Amino acid sequence: MNNPDSLQRRDFLKKSSLAAAAALLATNAPFNLSAAPASKNKLPEWKGFNLLDFFSPNPANSREGTKEEYFKWMADWGFDFVRIPMAYPSYLKFDRTRNILPEEVRNIDTEATDKIEELVYLAHKYKLHVSLNLHRGPGYCVNAGFHEPYNLWTDQQALDDFCFHWNFWATRFKNVSRKKISFDLLNEPSNREDMNDQHSKRGSVPGDVYRKMAIAASEAIRSVNKKHLIIADGNNTGSTVIPEIADLDIAQSCRGYTPGIVSHYKAPWAMKDIDNLPEVKWPGQVGDQYLSREMLEKFYEPWIALKNQGVGVHCGECGCYNKTPHDVFLAWFGDVMDILHTNQIGFALWEFKGSFGILNSGREDVDYEDWYGLKLDRKLLNLLTKHV
């Protein structure tokens, strides 16, 4: 039986730690990095790519699968990490001619999950760490494209189903070392007015609500293996640290998309009026703001402070849509990479092959190199490997 005094002391220390973290990491608080000694990142400085094999909620719309040679190229180039963002409906059985029902959210299609498992072990063959992520979890996704039957932040059934899925994946990889696999709870959480309209008004998830989700999901995962490694994406679509969970054994994941006018220039899913945007520059005046490295340093200050507090930090997504001029992209991204690397924070480019990737990006202003029949953006690869 636990000693009551010990329990009270533990509770006091927990609350004190949480209060201190909240005071330090509140997004509107000033940061004095020179006053906080730099410390080694609790997470490895993993560097790699997002793989979108299971990103679509409908398998019929999925992309061409990742080939084994892609993993070989990654390893040969010095990368050691892949993140697999999954849409939970992609591995379910239900009638896709209509909206999913809450009672169908646990109808696992084992043939589909076997394919995900095969991809994970194929990455392990080339010594790549795999981070499994629910890009679409029951009741929430940062993107539209699928009708959610409930709201993760307000409906207990959604949270229960969310935990069911994480318990399933934790069990699938029960005996896999945390050096090889991690579980990234939910992609880019936010509190949105309409869960099925990605352009509806949104903001941060209330801290206590985020904490409730993180604790429930981590318990579902660690009930299978208490050593499983867990990561939580930053609040407000990955942009802000989560002081409310800084006392938990959960790492946090930031983003490399700031400012969005550079990273998502003319991206139709991110901007409503893509035909009337100002010319994008880096550095330089764009619309009503001046874009510069100083802006990036200010954005990453809370994440660096979090890392220095002993919470593991990784940049789970970064990169730039193919409509941003290539020279602007590389100038901006060079600053992003330098800030992350200087602070021992790893990254995962969105994506390996596609409009954000190093292969077949579809950019019209790149002198591509032929790479086994694919179009390689050598300048981007060189920028990435400079920090590997």
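Me: Which side chain makes a polar contact with the side chain of Glu-317?
Reply: This is a predicted model. In it, the side chain of Glu-317 makes a polar contact at 2.9 Å. The partner is the side chain of Arg-83.

Me: Is Glu-317 buried or exposed?
Reply: Glu-317 sits in strand 12, residues 313-318. Its relative accessibility is 4%. The cut-off for buried is under 20%. Glu-317 therefore counts as buried.

Me: Which residue meets Arg-83 in a salt bridge at 2.9 Å, N to O?
Reply: Arg-83 lies in strand 2, and its partner lies in strand 5 (residues 181-184), 101 residues apart. Arg-83 is buried at 1% relative accessibility. The partner is buried too, with a relative accessible area of 2%. That partner is Asp-184.

Me: Which residues do salt bridges with shared partners join into one network?
Reply: Arg-83 and Asp-184 meet in a salt bridge. Shared partners extend this into one network. Its members are Arg-83, Asp-184, Glu-188, Asp-233, Arg-255 and Glu-317.

Me: Is Lys-125 buried or exposed?
Reply: The side chains of Lys-125 and Glu-68 meet in a salt bridge at 2.6 Å, N to O. This pair links helix 3 (residues 110-125) to helix 2, 57 residues apart. Glu-68 is partly exposed at 30% relative accessibility. Lys-125 has 53% and so counts as exposed.

Me: Why does the pair Asp-247 and Arg-211 tie together parts that are apart in sequence?
Reply: Their side chains meet in a salt bridge at 2.8 Å, N to O. Asp-247 lies in the loop between helix 6 (235-238) and strand 9 (251-256), while Arg-211 is in helix 5 (residues 207-222), so the tied parts are 36 residues apart in sequence.

Me: What is the handedness of the β-α-β crossover from strand 1 to strand 2?
Reply: Strand 1 and strand 2 (residues 81-87) pair in the parallel sense over three bridges. Phe-49 stands opposite Val-82 in strand 2. The chain crosses between these strands through helix 2 (residues 68-77), and the crossover is right-handed.

Me: Which residue in strand 13 is the bridge partner of Gly-48?
Reply: Strand 1 (residues 47-50) also pairs with strand 13 (residues 347-349), in the parallel sense over three bridges. Within strand 13, the partner of Gly-48 is Ala-348.

Me: Which helix gives the largest share of the largest nonpolar core?
Reply: The core has 107 residues, and Leu-132, Phe-333 and Ile-358 have the most contacts inside it. Nine residues, the largest share, come from residues 326-342, which form helix 9.

Conventions: Residues are numbered from 1 along each chain as its sequence is written. This is a predicted model: local features need pLDDT of at least 70, side-chain atom pairs count only at pLDDT 80 or more; totals for chains, interfaces and linings use all residues. Side-chain values use heavy atoms; hydrogens and water are left out. Helices (H or I, at least four residues) and strands (E, at least two) are DSSP runs, numbered from the N terminus. Buried means under 20% relative accessible area, exposed over 50%, partly exposed in between (1.4 Å probe, protein chains only). A polar contact is a pair of N or O atoms within 3.5 Å; within protein, one must be able to donate a hydrogen and the other to accept it, and residues adjacent in sequence count only if both atoms are side-chain atoms. A nonpolar core is a set of buried Ala, Val, Leu, Ile, Met, Phe, Trp, Tyr and Cys residues joined through side-chain atoms within 4.5 Å. Two strands pair if DSSP finds at least two bridges between them. A crossover is right-handed if, with the strands pointing away from the viewer, the path from the first strand over the helix to the second runs clockwise. A salt bridge is a side-chain nitrogen of Lys or Arg within 4 Å of a carboxyl oxygen of Asp or Glu.
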